[in-house]
Amino acid sequence: MNIPAILSIIIVIAILVFLAIFISFASVYIRALVAGAPVGLIELISMRLQRVSISLIVDNRINAVKAGIPLSIDQLIAHYQAGGNVTQVVRALIASEKASLALDFNRAAAIDLATQQSGKSVFEAVMTSVNPRVINCPNQSAEGRLTIDAVAKDGIQLKVKARVTVRTHLERFVGGATEETIIARVGEGIVTTIGSAGSYKEVLENPDMISKRCLEKGLDSGSAFEILSIDVADVDVGENIGAKLQAEQAEADKRVAQARAEMRRSAAVALEQEMKARTQEMRSKVLEAEAEVPRALAEAFRSGRLGVMDYYRMQNIQSDTAMRSSIAGEGNQPDQPKQG
């Protein structure tokens, strides 16, 4: 076989291979070409070798180009291989383009990757920026609470429900605080505002003071959202917490006073018992001293220092004293010394 024949066979085989490849990509190639977003065969073959969904990439590029967003095949392939949702990114770019929002492909891709496994998408973020959403404060489904409770300076409790209107801040969406932070900050602002009010009547008369003070604090700083308004939906009067606390404090003070009185009573009882013991001690000393009197009289008789007449005169004096005391009504007569 000569060389020209071999070259002819190679050319025929190459043409057949090209036709087979072209036929396999014909629908995609023609669709992209007709839509004004042509894709080269080399790019299609590269996507097939990289196991990239060709129809997904091409269709989304067509949508982007039709919306006036110049996206390249390489950008979409890179985001696809990074695990991103190409369709959501393209939809978000189209929505932001129609709404005149400053959102480029790199930021949209970053937001899409940041919202993976969070139940949200970059398209929802853009739509929230276009159409603001309302967040209930408190979030009953997450916190299980119906109201935010706060106490004014006069001790009256107020129960507040608020609705916060927010829109997505695309520049701070990646790394910004979430809805839970917004709800927590608004709740803190409500508690602070009510706590600084002199009376609960001030809040009932001007509920918009809560909105004004919360907005003045810049609660959306560092968050992925921009607070447009804070509306107080409902304000109810709760318990008189101040009176309740005062009653509990009075009860506690009463218990403290009772404890101190019990301590004093115990001290007095102990002192009384001590005095009784000392009285018994003194009585024993008196009895001991009285026991010495007969002994002293006997000693005086033996020594001659006391005579019989002296003893009788002493007895007469004691009897006379006892009689006068009886007449005077004293009742108790003095104890007479015992004879030896």
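Buried, in these legends, means under 20% relative accessible area. Every view below comes from a predicted model.

**Figure 1. Helix α6 and the residues it tucks away.** The buried set in α6 is made up of Val86, Gln88, Val89, Val90, Ala92, Leu93, Ala95 and Ser96. Cover for these residues comes from elements including α4, α5, α7 (105–114) and α8 (122–130). Now for the length of the rod: α6 has 13 residues, and its first and last C-alpha atoms are 19 Å apart, close to the 18 Å expected at 1.5 Å a residue.

**Figure 2. The two ends of α6.** What caps the N-terminal end of α6? Asn85 does the job, placing a side-chain oxygen 3.3 Å from the backbone nitrogen of Thr87. Go past the other end and you meet Ser100, just after α6, with a positive phi of about 60°.

**Figure 3. Helix α4 among its neighbours.** Ile54, Ile57, Val58, Asn60, Arg61, Ile62 and Ala64 are buried in α4. The elements covering them include α2, α3 (41–49), α5 (73–81) and α6 (86–98). Does the helix come out at the expected span or off it? With 13 residues at 1.5 Å a residue, α4 should span 18 Å, and its end C-alpha atoms are indeed 18 Å apart, so the two agree. Just after α4, Gly68 has a positive phi of about 85°.

**Figure 4. Asn60, a buried polar side chain with two partners in view.** Asn60 belongs to helix α4 (residues 54–66). Is Asn60 buried or exposed? Its relative accessible area is 4%, so Asn60 counts as buried. One partner is in α4's own stretch of chain: the Asn60 side chain comes to 2.7 Å from the backbone oxygen of Leu56. The other is Thr87, whose side chain makes a polar contact of 3.4 Å with that of Asn60. Skip the neighbours within four places in sequence, and the residues touching Asn60 are Leu76, Val86, Thr87 and Val90. Two of these names turn up in Figure 1 as well: Val86 and Val90 are among the buried residues of α6.

**Figure 5. Arg133 and Glu179, a bridge between a strand and a helix.** Their closest N and O atoms are 2.5 Å apart in this salt bridge. Arg133 sits in strand β1 (residues 133–137) and Glu179 in helix α10 (residues 179–196), so the pair ties together parts that are 46 residues apart in sequence. How do the two partners differ in accessibility? Arg133, at 35% relative accessibility, counts as partly exposed, while Glu179, at 12%, counts as buried. In the whole structure there are 13 salt bridges.

**Figure 6. Salt bridges along helices α13 and α14.** Some general background helps here: an α-helix has 3.6 residues a turn, so residues three or four places apart point the same way. In α13 (residues 241–303), Glu292 and Arg295 are three residues apart, about one helical turn. Their salt bridge has its closest N and O atoms 3.3 Å apart. Glu292 is partly exposed at 40% relative accessible area, and Arg295 is exposed at 54%. Over in α14 (residues 308–328), Asp320 and Arg324 are four residues apart, again about one turn of the helix. The side chains of Asp320 and Arg324 form a salt bridge at 3.2 Å, N to O. Asp320 is partly exposed at 29% relative accessibility, whereas Arg324, at 59%, is exposed.

**Figure 7. A three-residue network of salt bridges.** Which residues take part? Glu251, Lys254 and Arg255 are the ones linked here. As a rule, side chains of opposite charge can pair when their charged atoms come close.

**Figure 8. A charge over a ring.** Arg91 holds its charged end over the ring of Phe123, 3.8 Å from the ring's centre. Ring-to-ring partners are another matter: how many aromatic pairs does the model have? The count is zero.

**Figure 9. Ala26 and Leu245, a long way apart.** Ala26 is part of helix α2 (residues 26–34). Its relative accessibility is 15%, so Ala26 counts as buried. From Ala26 to Leu245 is 219 residues in sequence and 82 Å in space, C-alpha to C-alpha.

Definitions and conventions:
Residues are numbered from 1 along each chain as its sequence is written. This is a predicted model: local features need pLDDT of at least 70, side-chain atom pairs count only at pLDDT 80 or more; totals for chains, interfaces and linings use all residues. Side-chain values use heavy atoms; hydrogens and water are left out. Rings of Phe, Tyr and Trp (its six-membered ring) pair if their centres lie within 6.5 Å; planes under 30 degrees apart count as stacked, over 60 as edge-to-face and the rest as tilted. A charge sits over a ring if NZ of Lys or CZ of Arg is within 6 Å of the ring centre and within 35 degrees of the ring normal. Buried means under 20% relative accessible area, exposed over 50%, partly exposed in between (1.4 Å probe, protein chains only). A polar contact is a pair of N or O atoms within 3.5 Å; within protein, one must be able to donate a hydrogen and the other to accept it, and residues adjacent in sequence count only if both atoms are side-chain atoms. Contact means heavy atoms within 4.5 Å. The expected span of a helix is 1.5 Å times one less than its number of residues. A salt bridge is a side-chain nitrogen of Lys or Arg within 4 Å of a carboxyl oxygen of Asp or Glu.
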